[in-house]
Structures are given as structure tokens and as C-alpha cells.
Amino acid sequence: MKGNMNTNLDENRIFTSDSVNSISFEGFRRSTVTLEFDKILAMLADCAPFEGCMEVIKSITPSVSRDFIITMQRQTTEARNLVNTKGAPSFYGIKDISSALFRADKGASLNTTELLAVAEVLRATSSISAYFGENLTADSSLFDFSSRLVPNKYLQESICNAIIGEDLIADTATPELYDIRRKMRNAGNKAKDCLQRYVSGEYSKYLQENIITMRNGRYVIPVRSEYRNEIKGLVHDTSASGATLFIEPMAVVEANNELRVLETKEQAEIEKILFHLTTEVSRFSEILKADYDILCDLGVVFAKAELSFRMNAISPIVTSRRNVNLKKARHPLLDKDKVVPIDVSIGNGYTMLVVTGPNTGGKTVTLKTLGLFSLMAQSGLHIPCDEGSVIPVYTSILADIGDEQSIEQSLSTFSAHMVNIVDILGKVTEDSLVLFDELGAGTDPVEGAALAEAILERIRKVGCLCAATTHYAELKAYALETDGVSNASCEFNLETLRPTYKLTIGLPGRSNAFAIAQRLGIDESIIADANDYVPGASRRFEEVVNELENARSGLEAEREQAKKLKEELREAKDKAKKDREELNQRISELEAKAEREARKLIDSAKAASDYIFEELDEIKRKKEAEDFAKAIAASKANVAAKVKQASDKLGINLERAETIYKPSREFKAGDEIMVYDLKQKGTILKIDKDQYHVQVGFAKLKTNKDNLRLLIDIEEPSDNKKKKNNFRKVNRNGMSTPQVSRDVRSEIDVRGMIGDDAWLEVDKYIDTAILANLGSVTVVHGKGTGALRAAITQRLRKDKRVASFRQGDYGEGDSGVTVITLK
């Protein structure tokens, strides 16, 4: 068989001895059918990427080696991770080449279909080698697969270059074939040219149709039967009606003969090519077979990964202890939208679980879940449950589940179960998992219960893990009184008369026969009489069970309430944390705001002190007395110290800011003013709402009220005004121009503004740039839809201050900026 996915079938597997294989197979033979493992394998086969994988899947049996089980689980997990990150590898086109390789080894010549199948295997080998080459390290569980794949580019190209399709050999396969086919084309053209004279010449009136066709591999023309003697030649065929004869004129016999000879040569050359390729395949047959087997194995691994995705399954913890713990286990053969997850465990303080409860309550599903999950895990399959689930390694799974009645063997249900149980008792070991469904049923209840208890006691003494379902109260009592045995119950909702399928470990279940009968309409007096017929001990036991059930229900309700309160507390804690973060954020914002306000106050004080220092410096220059200079210096130091003290108290490193200014009266046209940001004098020309039109030197500009200062507020009306008039400088033309701020930038950013607002900013900026003697400026408007750029350039075309403008070059901002040259 192929592949190393089957733990017991290949010489490369961990188990190679016949005795070990036999033990493994026999230990699981019956349970694979009883627990419906064959249906899981059918689901796995549906995920297989090609047919060869399906043959391997059919042969899968559970392993009994913990190390190998862990390796298989790692393989499935790594394959799933690879599919998640980069998709599944391509297995497309792979076909079974075993028979082709066998025939090649025996000296038979392979046909084109078989050779193309070999080429597909080689293509897949190269593709999957490359797929793994970038993703696997030596410690990967899939590394063994990729390292043993042997691509053969030479053989792959030899086949693909020679065979371009099924039954189609390339002309270039060999020089000889190319030459033969060239001559065949020439001979065919010669024959058709000759026949064309018949079709289009004077003989066309004798033809049934003016066409050239072929019969028996020779070119012929369809001649009407009444004109048979008009065209000399060989008759190769007649129509069904006899009205048409297909004649090969004597003129083309030689060309047709030549064509037939060339066809024979062509076939011989093709056979030579196929034989040569077959010889090459035979030379590499061992490697090809190994590659195919590895591809089958890899296909099964990725099929397991795909099934894991479909079942939303996980890799369980494979333990060396006799302990099983399944969390939120979902039986994979039930509707995944309706199946109720169960928690089931055996081995933590007890090795046997006695499951009781009403019919259809989920007892049998619990047994099958325990057994089926173990078969799946020991075969390298992920199991559909929550993370942290634990599975031990069993050497055998022995199950007695379902109705085993056999008419042919004259066995009743009870007898059939006993035959199966005898077999189980003969095979059980401490590493077995034993599953009994309705143990002791089908016979006298008293004897059945006693027999069931004795069987369970024998199994308990062996020490293996065991789960059994029952309705017998005696077995419930046995579980309560015996060390290493625990009760479990499947819940039933008496209000809805439906099982909840919830398994509760540690508490025996009730059959609820009286309650169900009463809910379905049985007279209460009958129920009362039936209750009287129940032995006192049994009735008391049921009452105890009922009390335990009520207590458990109460505890369960309290646990749910505690869980709900815990969740509410967590939500309240999260909300409090969020509120605290929002409060801290608000405090930070308020502190930042307070800092900004303090910055303004300190900057205002610094601006005032600077003004005072300038005035005092001017006075100092006028005074020659040394003492007076010292006194002034002391005053300056005192003022500076107070400003610094205020700054240090706020912990702020401040820069000089704008002084808060209030004019001594309202502005009006004709007022002499100072433009504050330019440090220039000018005159107000007119006031248009919030816009002030100002003449500064030769330039006219628009600004707002906050940027203006009345000269009468900041200058002394004395001769000092003339002496301190240092606001102008001489330009290169010898003209006096206003002195401007050194902080004027060579670009303005208007991104995010609409057209009119953007132009208002650009208009003011151009005035400022002209006053700053900037020859070229840049407007950053962004690319976007181009609407803002169009609005600005439209205004620039009409602006008399602009000499020219252009779109930005590469590195300047491209179409996102406009570069303006000013007059």
C-alpha cells in the first residue's frame, strides 16, 4: 500500500512486525464499525485532493504508539497552519502511476496517456517541493515528506516536450519525426493540388460535391455513379444509396502511395519515441513510485487539515496516563447546528462511569463520542471539541452498543449482547477502553442487574477505563458505593418532555417514567398505584436521587447566578476603567488648556518687559552717569527675575508670544497704524466688515483688526518719532521699502479649504511675500479632485502682482503645488 499515513501498512512505519499490526487491527476491528469510524473516513475521503489519497484513507487504522500519534497530530496541525497562511499545495492532475511503472519495468511500451500521467506526478513533485522549501525547517513534522521528494526536471521536460496532448506527439520530438511530417505535408499538398483540378475544372460536372475527402487514408473525390467511366481511378467506397462513388484518380495514386509510406514511417518513429520515454521512466521507476507514495501521504495530511476546518476541530493533548477529558465535545456525525456539546471525563479519581437517564437523553451518544474521538485522535485526526481536551492512548477499544439480535444465528438481543461481552472480557487489558450500552438489558431485571454489576466489577478490577449506560437502580447504587466508580446523568426537561442532552458527572439520573407518563395523560390514580408497587428501598433511593437532583439544580442555578454576577462585575470594572481613562484624558486636556492660558500670560509679561528694557536702554544711552546705569541694570534684572519666577512656577519653557492689545479707540479710515506681524507702518484705506484694507509702502494688503496697532498707542508724539523711524530700508533701486519680518515662509498650505477661503489666504500671503522681497512662492493645495487648484489658478491669471505661475515639478510636489513668480 502507499504512504506512511497508515500506521500499520508500510515498511517505513513505526510498527513493522506482524504481531504488533495484528494486535492493533484486532483491537479496533469491531469498534470501528460499531462507533461509525468508517463514516468519519468517508468524510475524510471527501476532502482528499486526488484518487490515490482515497486508497490510503481506506487503509487507515488507529496507532497504538503515543509518539507516532503526537507526530500525526502535529502533521495535521502544521498542514492546517500552512493552508491558513498560504493556501493548500496543488495536487491537481495526479493519477495513479503504479500500473504504468510496473509495465515499464516489464519492458512494455507506455502510451501517451500513461506518460502524461507520469509527467503530472513529476510536475506536482516539483511544485510541492517548492511549496515546502520556503516554509519548513528540519524540526517540522512535515520535513520528512518534503526532504524525500525527488523532482526530476529532465524526465518531466522530456515527456512534456515530446507529448503535447493525449495521442498527440510534437513535430519537434525528434529531428526524424520533424522531417517525416514535413514530407507528409508536401505529399498531401501535392495530392490535394492535383485533385483540385478535378474539383474546379472540367470534371466538376461529374462530381456529387465539389470537395476533396479521404477514404482509407487516401485522398478521393465524390463522383456520381452514372459518370463512373468519365474519371479513371480506384474506387475506395460508395455512399449508402449507391449514388456516389469515392474515386482516387490515377493522377494522385502515386502521391497517395507516398503519403501512406510516410505515415508508416511516422508511426514507427512515434513508437521509437514512446519506447525511449518508457525506458527513461523505467530507469527512474523506484524514485517515481516513492514520489507518488509521498504525494499520497501528503494528500491525506492536507485532507485531515481540511476535515479539521470543516468540523472546527482541535488537536487534543495525548497523555500517557489513563485519563480522558473532553471539553464541549460535539459528535461529528450529528448536525453541527443542532448538536449539544458535552463535557465528559474519566480517570480523575475514577476509572468507570455509569451513565443513567431517560431514553433518547444522549447516553448512547456519550459512549460513542468517547470511543469515536479516541479512534480519530489515534489516527491523526483532530477532534471537534474545545482546546485543552485530553485523550489517552488505548491498545483496544471494546464496545457493545446497539441491538445485536441475529435471527440467522438464533440469538436474541440478550444472547447477542452476551456473546459480544464474552469476547470483550477475553480481550480487555488495562490499556483498553470498554463501552457498554444498556448493560444487562433484555432479560429479567433482577438477574440482569446482578449480572451487569458483576461484569462491571470484573472490568473495574482490570483497571481499564470504562463507561456504561443503564436504567438499573442497582447499578446507580453500585456506583455510589464503589471506589473508582462514578455516576453520571443525562438531564431531561419535564416541562417540555425533551432531553437537554447535558451530561452531569457525579450524580445518578432518573428514568422519569412516572413523570413522563403523567405529563402525557396517564391518570393520576394509575401513577399513584404504580408508585405504591415500587419497592420501598427503590422508592427511597429515587427520593434521595431526586433530592440530590434538586440540590444540584439549586447549586447550578447559584453557580449561574454567580457567573452572571461575575460577568456584571467584570463589565462594571471595565466601565469604571474606561471612565477613569476618560477622566484622566479630560484632566490632561484641562491641564493643557491651563498651560496654554498661562503661556499667554507669561508671554504677555515678557513682551512688556522687553519693551521696558528697550526704553531703559535708550535712556541709558542718554545718561553718562555710571551710577544711573547700574541702577537701571538692577531694575532690568529685577523685572527679568520676576518673569522667570512666574515661568518656573508653571514649569513651562515659553517662547515669545503676541501681546494682548486693545486700541485706545476704534479704527477708522485714514488712521496711521502698525501691521503687527510685519512690523511695518501703514495707513488704513477702508474698512469692509472684518477686513481692513491697508496701504504699506507701495503695497496694498488686507488683514484683520487683531493684526493692527494705532501708532498713537505705541509711539511718542515727539521728535523721537523721527529718530526712531527705523522701519524702512533702501532697496536695490535706491527706493525706501518697508522692513519686513524675517519669519515669512516661501510657501503657504491651503489644503482642506474651499476655493474662496483658500484664495483669501493666498491673497494676503502674496502681499506679505512682496513686502518680504520674495521672488517666488509656492502654494500647496494638494491633488484631490483638482477643484481647489483650478480655483486658485483662475484667480492667479487675473492677478497683476503675478508675473507667471506653473505646476510643481517632480520633487516639488507635482500637481499638488503651484509655483508663483511675483513681479
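The exercises below work through the fold, the confidence, the salt bridges and two backbone details of one predicted protein model.

In this predicted model, local features require pLDDT of at least 70 and side-chain atom pairs count only at pLDDT 80 or more, while totals for chains, interfaces and linings use all residues. Residues are numbered from 1 along each chain as its sequence is written, and side-chain values use heavy atoms, with hydrogens and water left out.

**Exercise 1. The chain as a whole**

Task: State how many helices and strands the protein chain has, and what share of its residues counts as buried.

Solution: Begin with the secondary structure, where helices (H or I, at least four residues) and strands (E, at least two) are DSSP runs numbered from the N terminus; the protein chain has 23 helices and 27 strands. Next comes burial, for which buried means under 20% relative accessible area, exposed means over 50%, and partly exposed lies in between (1.4 Å probe, protein chains only); of the 823 residues, 42% count as buried. Finally, a contact means heavy atoms within 4.5 Å, and among contacts between residues at least 6 apart in sequence, 67% join residues at least 24 apart.

**Exercise 2. Confidence**

Task: Find the mean pLDDT of the protein chain, and describe the contacts of residues 405–410 and of residues 716–742.

Solution: The pLDDT is the predictor's confidence in each residue, from 0 to 100. Its mean over the protein chain is 81, and 81% of the residues reach 70 or more. Over residues 405–410 the pLDDT stays under 50, and the model has 5 contacts for them beyond four places in sequence. Residues 716–742 also have pLDDT below 50, and this stretch has 43 contacts in the model beyond near neighbours in sequence.

**Exercise 3. A four-stranded sheet**

Task: Give the strand order of the open sheet of 4 strands, and explain why strand 24 and strand 26 each have one side without a neighbour in the sheet.

Solution: Two strands pair if DSSP finds at least two bridges between them. The order in this open sheet is 24-25-27-26, and the pairing is mixed. Strand 24 (747–749) and strand 26 (802–807) stand at the edges and have a single partner strand each, so one side of each is left without a neighbour in the sheet. Neighbouring strands are turned by 20° against each other on average, direction ignored. Strand 25 (residues 776–780) and strand 27 (residues 817–822) run antiparallel and are joined by 5 bridges; in strand 27, T818 stands opposite V779. To complete the picture, helix 22 (residues 755–771) lies across strands 24, 25, 26 and 27 and runs at about 165° to strand 24, where axes are lines fitted to C-alpha atoms, for helices over the stretch in contact, and angles run from 0 to 180 degrees between N-to-C directions.

**Exercise 4. Salt bridges**

Task: Place the partners R260 and E263, D574 and R570, and R330 and D386 in the chain.

Solution: A salt bridge is a side-chain nitrogen of Lys or Arg within 4 Å of a carboxyl oxygen of Asp or Glu, and a search of the whole structure finds 37 of them.

- R260 and E263 meet in a salt bridge at 3.5 Å, N to O. Both lie in helix 10 (residues 253–283), 3 residues apart, which is about one turn of the helix. R260 is partly exposed at 35%, and E263 is partly exposed at 26%.
- D574 and R570 have their closest N and O atoms 2.8 Å apart. Both belong to helix 18 (residues 536–622), 4 residues apart, about one turn of the helix.
- R330 and D386 have their closest N and O atoms 3.9 Å apart. R330 lies in the loop between strand 8 (324–329) and strand 9 (342–346), and D386 in the loop between helix 12 (363–377) and strand 11 (390–392), so the pair ties together parts that are 56 residues apart in sequence. R330 counts as buried at 17%, whereas D386 is partly exposed at 33%.

In addition, a network of salt bridges links K702, D763, D767, D799 and R801.

**Exercise 5. Positive phi**

Task: Locate N216 and E438, and decide whether N216 is buried or exposed.

Solution: Phi of N216 is near 55°, a positive value in a residue other than glycine. N216 is in the loop between strand 3 (213–215) and strand 4 (218–224), and its 55% relative accessibility makes it exposed. Phi of E438 is likewise near 55°; E438 is in the loop between strand 13 (432–436) and helix 14 (445–462), and at 23% relative accessibility E438 counts as partly exposed.
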